[in-house]
Amino acid sequence: EAVRNMAQIAEYTEAHTSYRKRFLNTEFKIGSVLDAMSHATCSMAIDVDAKAIVVCSVSGRTAMLVSRFRAPVNIIGMTTDVKIWRRLSMSWGVTPVMAEQFPSMDVMFCYAQKETTRILNLQPGDNIILTGGAINGLRGNTDTIKLETISDCQLRGYESPLARTLKHSNMERATLDAMFGAIDEYLPKFWQYLKAKGKALG
């Protein structure tokens, strides 16, 4: 009975608290660069009306710092450590997600975007903020904040409009790259031809 009453009180308080106003009106004490990055991430998410903040973190510290600012935005905490994954479930507003090691930040952010879209059922036009650091296994190296807008192509499983076009055209990316390579190689000669033709025709 006591636990149920406490849960009801917590739910009522959460529903009647303006976290946006709280964030904008509070002068937070910033104690470190990581703290500043976390605050900037929350501020940017509010400014662009983001549907989610996605934190890719080895130690989970960045996700916890983002959580402490109580921004009115869903937080996805991605980590490769099952212990950190469990710990993140105790942080306010954080949905923990297990991930594998990735070869680059771009690949990591791409995966994070797909998972966030799936978990939160995002729609075309929705904004999300991604933050993380270099893929080197070190802790506390968050140094990147990125804004992404969900597109119809991404919802259909394509990485980009170009990927969708290539699929529908039955063309490999290598073929397209070879075509552009040939254009780059022979375009100067083509311009020379056009100039000579124009000069001959007066």
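How many helices and strands does the secondary structure of the protein come to? I counted nine helices and five strands, taken as DSSP runs numbered from the N terminus (helices H or I, at least four residues; strands E, at least two). I noted their order from the N terminus as α-α-α-β-α-β-α-β-α-β-β-α-α-α.

This is a predicted model, where local features need pLDDT of at least 70 and side-chain atom pairs pLDDT 80 or more, while totals for chains, interfaces and linings use all residues. Residues are numbered from 1 along each chain as its sequence is written, and side-chain values use heavy atoms, without hydrogens and water.

I looked up burial next. Of the 202 residues, 31% are buried (under 20% relative accessible area, 1.4 Å probe, protein chains only; exposed is over 50%, partly exposed in between).

Then I went to the largest nonpolar core (buried Ala, Val, Leu, Ile, Met, Phe, Trp, Tyr and Cys joined through side-chain atoms within 4.5 Å). It has 18 residues, and Phe 23, Cys 42, Ala 45, Ile 53, Val 55 and Val 66 touch the most other members. Helix 3 (33-47), strand 1 (52-56), helix 4 (61-68) and helix 5 (82-88) each supply at least two residues of this core. Helix 3 gives the largest share, three residues. A second, separate core of 15 residues includes Met 78, Phe 102, Ala 112 and Leu 122.

Last, I checked Tyr 193. I found Tyr 193 in helix 9 (residues 173-201). Tyr 193 counts as partly exposed because its relative accessibility is 47%.
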